[in-house]
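Colleague: Before I take any label at face value, could we go through a few of them together and set each one against its cut-off?

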Amino acid sequence: MKSFINVQDIGPLDKAMAEAMEIKNDRFKYQHLGKNKTLMMIFFNNSLRTRLSTQKAAMNLGMNVIVLDVNAGAWKLETERGVIMDGDKSEHLLEAIPVMGCYCDLIGVRSFAGLTDREYDYAETVLQQFIKYSGKPVFAMETATVHPLQAFADLITIEEYKQVKRPKVVLTWAPHCRALPQAVPNSFAQWMNAADVDFVITHPHGYELDPQFVGNARVEYDQRKAFEGADFIYAKNWSNPGVTNPDDYGKITSKDMAWTVDTEHMSWTNNGKFMHCLPVRRGLIVTDDVIESANSIVIPEAANREISCSVVIKRMLESL
C-alpha cells in the first residue's frame with residue numbers, strides 16, 4: 001500500500017477487520033517490520049488522538065518516529081506555485097517535501113481545509129504534493145476532505161459493539177460555534193457505505209455532503225425519523241459543504257440547537273450507542289448525560305485509533 005486516503009486503499013474490509021482484531025490481540029506481533037525504519041509525522045494543524053495513536057502504533061511496530069509541527073519550530077512553508085516569496089514564508093513545500101523524504105521511510109500528513117476555496121480543498125492540494133514529491137508512502141492523518149484513520153477506527157468500534165448482524169448507523173449533524181471541515185463526516189460516510197450497515201445521514205437543509213461521499217446512504221432531513229430504531233448515533237458538526245450553494249462553502253448557515261443530541265434524542269433509538277470522534281463541545285454537539293452514559297462509546301472508539309493506524313502502517317511497511 002503506497003498511499004492511504006480512502007476506503008478503497010485498504011482493500012477488502014473483511015480482511016482489514018480480521019487484521020485489526022489480530023493486532024488488537026497482540027499489538028507487538030509485527031515489531032520486526034519496523035526495525036530500523038522511520039515514520040515522519042507532519043502536522044500543519046493541532047492534534048491529540050491522531051498524534052498519540054499514530055506514534056504509539058508506529059512504536060508498537062518497532063519504528064523510530066520523527067514529529068514535525070510545521071507551525072512550531074519549522075520554517076513557514078509556502079504551498080502555492082508561481083508566487084513571489086517576499087513575505088513571511090521562507091521555504092517552499094516543493095523543496096521541503098523531498099528533503100523530508102530523505103529522512104524517513106513513511107510519511108503521515110495532517111493538513112486541514114482552509115474552508116475558503118472549495119476547489120483548492122477538495123483537490124487535496126497539500127496532500128497530493130506529498131504523494132507526488134516525497135518519494136515515500138504517504139497516509140492521511142486528516143486532510144482537507146478526509147480522515148480515514150478515524151473512520152477505520154469507527155468501523156472497528158461498531159463491529160465490536162453491534163448486537164445485530166446489520167446495524168442501523170446514523171450520522172447526525174449537530175450545532176457548533178466554529179466552522180469545521182467535512183473531513184470526518186466525509187470519511188465516515190465513505191466507510192459506512194462500504195460496510196454492511198443500514199446507513200442514514202441526517203442534517204438541516206443546505207448541509208448536504210459531497211455526493212462522492214454520500215454514496216448510497218439515505219439522507220433524512222427529519223432528525224427524529226432518522227434516529228428511530230438506530231443502533232449507533234454518530235454525532236458530528238460540519239460547516240456548509242457548498243454543494244447546493246457554492247457561496248456558502250465553509251460557512252455556518254445553521255446553529256439550530258434542536259439538533260444537539262440529548263437524552264430525548266437517544267430515546268428514539270434502539271438503545272443506541274453514542275459515538276463521536278472527539279474533541280467534542282459539550283452542550284452543543286451532545287449533552288453531559290448522553291456522553292457520560294453507559295451507551296457512550298467515545299473512549300473505546302478513540303482507543304481503536306491505535307489499532308486502525310497499526311493496520312495501515314503495517315501494510316505500508318510490508319510494501320517497502
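Colleague: Which residues make the nonpolar surface patch of about 270 Å²?

Modeller: This is a predicted model, in which local features need pLDDT of at least 70 and side-chain atom pairs count only at pLDDT 80 or more, while totals for chains, interfaces and linings use all residues. Residues are numbered from 1 along each chain as its sequence is written, and side-chain values use heavy atoms, with hydrogens and water left out. The patch is made by I66, V99 and Y103.

Colleague: Why is V99, in helix α3 (residues 93-102), called partly exposed?

Modeller: Buried means under 20% relative accessible area and exposed over 50%, with partly exposed in between (1.4 Å probe, protein chains only); V99 has 37% relative accessibility, and therefore counts as partly exposed.

Colleague: How do you know that the structure holds 0 disulfides?

Modeller: A disulfide is defined as a pair of cysteine sulfur atoms within 2.5 Å. The sulfur of C102 has its closest cysteine sulfur in C104, at 8.7 Å, which is too far for a bond, although C102 is exposed, with a relative accessible area of 62%. For C177, which at 42% relative accessibility is partly exposed, the closest cysteine sulfur is that of C277, at 14 Å, again too far for a bond.

Colleague: What does the side chain of S47 reach at 2.9 Å?

Modeller: S47, in the loop between β2 (38-43) and α2 (49-60), reaches the backbone nitrogen of R51 with its side chain at that distance. A polar atom of the S47 side chain also lies 3.5 Å from the backbone nitrogen of T50.

Methods:
Helices (H or I, at least four residues) and strands (E, at least two) are DSSP runs, numbered from the N terminus. A polar contact is a pair of N or O atoms within 3.5 Å; within protein, one must be able to donate a hydrogen and the other to accept it, and residues adjacent in sequence count only if both atoms are side-chain atoms. Patches are made of residues with over 30% relative accessible area and no salt bridge: like charges are joined within 9 Å, nonpolar side chains (Val, Leu, Ile, Met, Phe, Trp, Tyr) within 5 Å. Accessible areas come from the Shrake-Rupley method with a 1.4 Å probe; for residues, only the protein chains shown count as cover. A salt bridge is a side-chain nitrogen of Lys or Arg within 4 Å of a carboxyl oxygen of Asp or Glu.
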